[in-house]
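Q: Hey, could you walk me through this one? I'd like the overall picture and then some detail on the charged pairs.

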Amino acid sequence: MQITCIVVDDEPMALNLVESYVEKTPFLILKQKFSNAIDAMEYVNNTPIDVLFLDIQMPDLTGIAFSKMLPKSTRVIFTTAFDQYALEGFKVDALDYLLKPFDYAEFLNAASKAKEWFALLRKTENTNPVSSGKEFLFVKSEYKQLKIKLNEVLYFEGLKDYIKIWLKNESKPILTLMSLKSLEEELPESDFMRVHRSFIVSLKNIDVIERSQIIINDQRITVSEQYKPKFMEFINSNSL
């Protein structure tokens, strides 16, 4: 099992050191590194990430404040030179707390905790595939609140501040004012997956997978690189 991560630290030497530790750890996939929390926050808002290796004391936005803005699915391992932040770190449910200077053995121990946590999470999700029990959503469209049955959804297509909802047996989509990110948080993870910055697909309604493309109702949707690891994990877990 592999988990995705980013590294955030305003000290170049510390940033490069953690990057080198990540790259020598087989189960970690480094997606990006950032020297400030503002840029990292923008990235995380558009890209699903499992783990952040996050410095605490940074200008503009501290690691503690940043961690409180993260999606519930993203976990944090704090890296800092100041041990007085340890209590605050665990109050925000950090997976671990690395006190600088730390060596690779300490880093690997913390990373392994993350791996164990996500392995347990994914095992639980596979054992209990209907995580939310949600069967429908109400969305606002043309001054009406429309009930959308989730089992009739083929895919959601994001268009800046709007979403097109494509349904079975309907030639035209429903248009609603909403961000794809906010919608993603409302959908049951066992049934829907974001595969592109502009698309969330219904997993049960996929007809064909051809290389890096999904075909649903004759519509081809490309799985972008940043979402491919999670999608391939879904494919592998459901293949004979």
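A: Happy to; what follows is a short chat about the fold, the salt bridges and a couple of residues.

Q: Is this model predicted or something else, before I read too much into it?

A: This is a predicted model.

Q: Okay. How many helices and strands does the protein chain have?

A: The protein chain comes to 7 helices and 15 strands.

Q: And what about the radius of gyration?

A: The protein chain has a radius of gyration of 20 Å, while a compact globule with 240 residues would be near 18 Å, so the two agree. The C-alpha trace spans about 60 × 45 × 30 Å along its principal axes.

Q: How much of the protein chain is buried?

A: Buried residues make up 42% of the 240 residues. The accessible surface comes to about 13,800 Å², and carbon and sulfur atoms hold 51% of that.

Q: What share of the contacts comes from residues 24 or more positions apart?

A: If you take the contacts with a separation of 6 or more, residues 24 or more positions apart account for 50% of them.

Q: Nice. Switching to charges: how many salt bridges does the structure hold?

A: There are 9 salt bridges in the structure. As background, side chains of opposite charge can pair when their charged atoms come close.

Q: Which residues does Lys 100 meet in salt bridges?

A: Glu 11 is one partner, at 3.9 Å from N to O. That pair links distant parts of the chain, 89 residues apart: Lys 100 sits in the loop between β5 (96–99) and α5 (104–127), and Glu 11 in the loop between β1 (3–8) and α1 (12–23). Asp 55 is another partner of Lys 100, at 3.6 Å from N to O. Here the two residues are 45 apart in sequence, with Asp 55 in strand β3 (residues 51–55) and Lys 100 in the loop between β5 and α5.

Q: Does that add up to a network, and what is in it?

A: Asp 9, Glu 11, Asp 55 and Lys 100 are joined into one network by salt bridges that share partners.

Q: Are Lys 100 and Glu 11 buried or exposed?

A: Lys 100 is buried, at a relative accessible area of 17%. Glu 11 is partly exposed, with 40%.

Q: And Asp 55, buried or exposed?

A: Asp 55 is buried, because its relative accessible area is 3% and the cut-off for buried is under 20%.

Q: What is Asp 55 in contact with, neighbours within four places in sequence aside?

A: Asp 55 is in contact with Val 8, Asp 9, Asp 10, Gly 63, Thr 79, Thr 80 and Lys 100.

Q: Let's try another pair. What does Lys 33 form a salt bridge with?

A: Lys 33 pairs with Glu 19, and the closest N and O atoms are 2.7 Å apart. Lys 33 lies in strand β2 (residues 28–34) and Glu 19 in helix α1, so this salt bridge ties together parts that are 14 residues apart in sequence. Lys 33 is partly exposed, with a relative accessible area of 32%, whereas Glu 19 is buried, at 17%.

Q: Changing topic: in what order do the strands of the open sheet come?

A: The order is β10-β9-β8-β12-β11, which makes 5 strands with antiparallel pairing. The edge strands, each pairing on one side only, are β10 (174–177) and β11 (192–196). Neighbouring strands in this sheet are turned by 20 degrees against each other on average, direction ignored.

Q: How many bridges join β8 to β12?

A: Strand β8 (residues 153–159) and strand β12 (residues 199–202) run antiparallel and are joined by 3 bridges. Phe 156 stands opposite Ile 200 in β12.

Q: Last one: where is Leu 98, and is Leu 98 buried or exposed?

A: Leu 98 has its place in strand β5. Leu 98 counts as buried, at 5% relative accessibility.

Q: What is Leu 98 in contact with, again leaving aside neighbours within four places in sequence?

A: Leu 98 is in contact with Ile 77, Phe 78, Thr 79, Thr 80, Glu 106, Phe 107 and Ala 110.

Q: And how many Å apart in space are Leu 98 and Ser 182?

A: C-alpha to C-alpha, Leu 98 and Ser 182 are 32 Å apart, and in sequence they are 84 residues apart.

Note on methods
Residues numbered from 1 in each chain as written. Predicted model: local features only at pLDDT ≥ 70, side-chain atom pairs only at ≥ 80, totals over all residues. Heavy atoms only, no water. Salt bridge = Lys/Arg side-chain N within 4 Å of Asp/Glu carboxyl O. Helix = DSSP H or I, 4+ residues; strand = E, 2+ residues; numbered from the N terminus. Buried < 20%, exposed > 50% of the residue type's maximum accessible area, 1.4 Å probe, protein only. Pairing = 2+ DSSP bridges. Axes fitted to C-alpha atoms, helices over the stretch in contact; angles between N-to-C directions. Rg over C-alpha atoms; globule rule 2.2 N^0.38 Å. Contact = heavy atoms within 4.5 Å. Areas by Shrake-Rupley, 256 points an atom, 1.4 Å probe, with all protein chains shown as cover.
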